[in-house]
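Open the model in your viewer and show side chains as sticks. The stops below are meant to be selected in order.

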Amino acid sequence: MIRLNMLRQLQLWDLGGIEQHWSVRQSARARRLSVRVFRNGGVEIVVPLRTSAHRVSTFVSEHREWIERQRKRAVPHVDWPLPPATLTLSAMEEEWRCDVAAGEGRTRLRQVADNTLQLKGASLDRDEVRQLFMRWLVRHAADRFEAPLRALAQKMALTAGKLQIRCQRTRWGSCSRIGTISLNVCLLFQRPEVLQYLMIHELSHIRHMNHSERFWAEVARHEPNWKSLDRELQQGWRRVPSWIFR
């Protein structure tokens, strides 16, 4: 299930201290209660409008055992180095070497050769370094995703709006009612086939702003293997460096 626009965050009711990483999202598009367990063990409950607090609590109680089993399978923490020695961007089939050079003044990150990034400056503060790499990744994704997205839209006989690149913990992409496509920068770390599937998924929402049978038929028309790719995408957080979010 691909996450769509979040209306507002709600507090959980009567769920106890163990669920400090859980959240409830109220969605105008949801037709039933659903639950997702993410790579870090976090849990999101998606709630249709006008659902009572009692119904949410009952739903959580009914599914608690399944939720806990999934949380135990969550990806263990891996301390990815920052700055990284290399950046493997599987979606673009690129590998970037990252060199650290001594220097003066503010810290900066720039491309110095084909597939080589140089980090240079007087300070290598982790937060500052992370921000520099994140800004570069967002710019790179915007540049690399634009052409394939437009090509797919043309192939699907659709007109997409502008492309936005975001960094979100729970959503791989979204499509607004005016056709703006938002893609997660973390898609850079997925296989090319997975990236293409996600683009097809979001573009299909231009015709069907829901997850109806007609929507999935539209997706299947352009990507017959969408079910296995969707399952792979659900596990895609395993491929994302931990420093992206901290």
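The tour goes through a hairpin, a helix and some cysteines.

This is a predicted model, in which local features need pLDDT of at least 70, side-chain atom pairs count only at pLDDT 80 or more, and totals for chains, interfaces and linings use all residues. Residues are numbered from 1 along each chain as its sequence is written, and side-chain values use heavy atoms, with hydrogens and water left out.

**Hairpin.** Select strand S5, residues 86–89. Strands (E, at least two residues) and helices (H or I, at least four) are DSSP runs, numbered from the N terminus. Leu87 and Leu89 point to one face of S5 and are buried, while Thr86 and Thr88 point to the other face and are not. Buried means under 20% relative accessible area, exposed over 50%, partly exposed in between (1.4 Å probe, protein chains only). Add strand S6, residues 94–102, which pairs with S5 in the antiparallel sense over four bridges; pairing requires at least two DSSP bridges. Leu89 has Glu94 as its bridge partner in S6. Four residues lie between the strands, and Glu93 takes a positive phi near 55°.

**Helix.** Move to H4, residues 213–222, and select the buried Phe215, Glu218, Val219 and His222. They cover an arc of only 95° around the axis (taken from the directions from the helix axis to the C-beta atoms), so they sit on the same side of H4. The face turned away from them carries exposed Glu213, Arg214 and Arg221.

**Cysteines.** The whole structure has zero disulfides, defined as cysteine sulfur pairs within 2.5 Å. Select Cys186: the nearest cysteine sulfur, that of Cys167, is 4.7 Å away. Cys186 is buried at 0% relative accessibility.
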